[in-house]
Structure formats: C-alpha cells, structure tokens
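Reader: Hi! I have a new model open and would love a quick tour. Could you start with the cysteines?

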Amino acid sequence: MVQVDKLKEERETAIHNDLQQSELVNTRLLKDVGIESVLGLLENCPIKKLKAGEILISAGQRNHTVYFLLSGRVQIHLKLHMQPIATLEAGETVGEISVIDGRVTTANVVAEVDSRVLELDEPTFWSLVDASAGVAQNLMYMLANRLRHGDSLISTGQEFQLEYARYTILDAVTGLHNRRWFDVMLSKQMNRCKQGDMCLSLLLVGIDYFKRYNTTHGRVSGDRALHTVAWTLRGSLRPGELMARYAGEKFVVLLPSTDVENARPPAERLSQAIGESKIHSLDRKLLPSISASIGIAQMTSEDTETSFVAVARRALRDAQKKGGNRVSFGPEG
C-alpha cells in the first residue's frame, strides 16, 4: 500500500510539473469543457518537447496522433522549402484530420520555436470525443473552419462513425477501459477459459455511499474519488488481470485461472487499499476518504456474460446492505 501511495504521489507531482491545468483550459478542443471530467484521459498522455526547426509531422506519412500545442508555435508547410501556409499558436491542435480520415498527411508541421505538445493517440482522442459533448462540438467547429479555408476532409459519414465506434474504448474520468471494451473482453475470456477448462473469477467493485459523497462534496470531488479507485486498481493488480470502469461508481476486474477462494485475498487487499488511499482535489487539497465493497463470482460452464456478472452484482449488493467496506461471494463461494 505504501508503494501504491508513493507511485500515485510521484505521478501526480509529475503531472503538475509538466502539464499545467491552464494549458489544457486554453486548448481550443477543450473550450468550455470541465477539465476534471476528462483528466483521467489527458494526464496519461506524454508531452513531447520540440526544438526550433524540428519536424513534428511529415507529409506523405501515416499519422496516428493528435497533438495539443501547449506552448510555442508550429508552422504548416506543403513543402519544407516553401513558405508556411499557416502558423499555429499555443492552444491549437494539429493532426486531427489525418487521424479522422486515416489517409497519409498532406503537409509538414514544423516547430518555429521551442515548443511543447501533448500527444493523444487514436484511442485516447476518440474516447475524449465520446466522453464530452463539448469536445465533440468543438471538434465540429474546428473541422468546419478548416474546410471553409480550403482543407479537405476525405471521409464519408459512415467511415467517420466506424472510426468513432472503434476507438471509444477508454473512460475519460479514470483513464481505464470502459464498459464497451469490457463486454468484448469478457466474452473472449469466458470462451477461452471454458475451452481450456480453466477457472475465471470476476470482482465487481463498488464505492460505498457514492451518491451521498457526490451530494455532500460535489461532483468534481466524486470524479477525483473515481480516479483514485482507478489508480489503486492499476497499482494493486497483476499482469493479465483485466480491469475497467463498469458503470457509475462500479469497476470490474477479471481474474483468469483463478477460482473464487483464490480471488478472496486480492479482493480483500484491494478493498483495504481503496479505504487507505488518499484522495486529492485538482489543487492538491486532501478530500474525505471512501470505502469500497467487492462482490466476487466464479464462472460456471452454464454461465453467459449476463448471468456471470449478475452473480457478482448480487454479491456486491449483499456486501453493501451489510454496511459496506467488505467482500462478499456469489453462490460458488
């Protein structure tokens, strides 16, 4: 648990040193968007530092990244030896058109001065659009503006929707995979374990009294609590154990090759770790702590995805009815 807290503190410090909240607020794509609602996605994105004259995007190449220009300036060149056709300042984004249409880039993007950019890969970019109506609206305004000035977006509505659905697999608040991704993985894991005659256990993690926490301390504090649980999950589980934000205040963990009894120790450690985790606001103030209950289910040969999750859901409900902050087992336990 000490190691989890230390990693969390180091991570948050690095975020605050390298990425200022004001830099995100001033980004056109995030205009009038509550930063706390998408911080789980953005704080995991790397920052690239560019030297003056360094090429960020080369014409004729595939590009899979959208860049937020945090500081400095970049220029757009159709050919490197020609005069730039546009200059972008801090707050602008670049690379979104080639990510959307999936075609090779038609221009070079070069740093005019030393600059810093935040890198969003395709899954993160589409999850950001999916998570916020404000981001989606800002994107439409930006694309319309580009089209009005002669840029071409070669993509039919159907192609756009296919790409959009393909990549919206991350949850904005926590940075974990979302329910859409989990549903696909659950089916695959259940089939694999049934074919191999292997055990499969599922943990359904629920924050106790979360509605009361939101009402008392505000939605932003609630988002920070969700973020803390997500980070605790990342720090507490082993490779091969799959996790996602399931819905609302609930998270789900899949434990391959694990029966219900062997799922008990990690579930109890996880519940304890969540209760001991410190929750910080965006300005680093300490917020009230939370507790979590966990329902455990073990897959049977007759289980469907729905029935498997339903067992864990009933176990979680039983744990919370008994006061919360505990682990409960489904029928196989």
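Author: Happy to. Cys199 counts as partly exposed, at 32% relative accessibility. Bear in mind that this is a predicted model.

Reader: Good to know. And is Cys193 buried or exposed?

Author: Cys193 is buried, with a relative accessible area of 1%.

Reader: How many disulfides does the structure hold?

Author: The structure holds zero disulfides. The cysteine sulfur closest to that of Cys193 belongs to Cys199, and at 8.3 Å it is too far for a bond, because a disulfide needs the two sulfur atoms within 2.5 Å.

Reader: Thanks, that settles my gel question. Zooming out, how many helices and strands are there in the protein chain?

Author: The protein chain has twelve helices and 15 strands. Of its 333 residues, 50% are buried. As for contacts between residues at least 6 apart in sequence, 76% join residues at least 24 apart.

Reader: Let's look at a sheet. What is the strand order in the open sheet of four strands?

Author: The order is 1-8-3-6, and the pairing is antiparallel. Strand 1 (47–50) and strand 6 (93–94) are the edge strands, each pairing on one side only.

Reader: And in the middle, how many bridges join strand 3 to strand 8?

Author: Six bridges link strand 3 (residues 65–71) with strand 8 (residues 115–121), and the two run antiparallel. One of the pairs is Thr65 with its bridge partner Asp121 in strand 8.

Reader: Which helix lies across those two strands?

Author: That is helix 5 (residues 122–131), which lies across strand 3 and strand 8 and runs at about 80° to strand 8.

Reader: Why is helix 5 described as largely enclosed by the rest of the structure?

Author: Because seven of its ten residues are buried. The buried residues of helix 5 include Phe125, Trp126 and Leu128, and also Glu122.

Reader: Nice. Switching topic: how do helix 8 and helix 12 cross?

Author: The axes of helix 8 (residues 179–195) and helix 12 (residues 305–321) come within 10 Å and cross at roughly 100°. The two helices are therefore roughly perpendicular to each other.

Reader: Which residues meet there?

Author: From helix 8, Leu186, Ser187 and Met190 meet Glu305, Phe308 and Val309 of helix 12. By type, the residues of this contact are four nonpolar, one polar and one charged.

Reader: Got it. I also noticed a hairpin. What joins strand 10 to strand 11?

Author: Five bridges join strand 10 to strand 11 (residues 250–256), and the strands run antiparallel. Ala244, for example, has Val252 in strand 11 as its bridge partner. Two residues lie between the strands of this hairpin, where Gly248 takes a positive phi near 55°.

Reader: How many residues of strand 10 are buried?

Author: Five of the six residues of strand 10 (residues 242–247) are buried, so the strand is mostly covered.

Reader: Last one, promise. Where is Pro84 found?

Author: Pro84 is in the loop between strand 4 (73–77) and strand 5 (86–89). Pro84 is partly exposed, with a relative accessible area of 29%.

Reader: What does Pro84 touch?

Author: Leaving out residues up to four places away in sequence, Pro84 touches Gln75, Ile76 and His77. The C-alpha atoms of Pro84 and Ala107 are separated by 9.8 Å, and these residues are 23 apart along the chain.

Note on methods:
Residues numbered from 1 in each chain as written. Predicted model: local features only at pLDDT ≥ 70, side-chain atom pairs only at ≥ 80, totals over all residues. Heavy atoms only, no water. Pairing = 2+ DSSP bridges. Contact = heavy atoms within 4.5 Å. Axes fitted to C-alpha atoms, helices over the stretch in contact; angles between N-to-C directions. Parallel < 35°, antiparallel > 145°, perpendicular 65-115°, else oblique. Nonpolar A, V, L, I, M, F, W, Y, C, P; charged D, E, K, R; others polar. Buried < 20%, exposed > 50% of the residue type's maximum accessible area, 1.4 Å probe, protein only.
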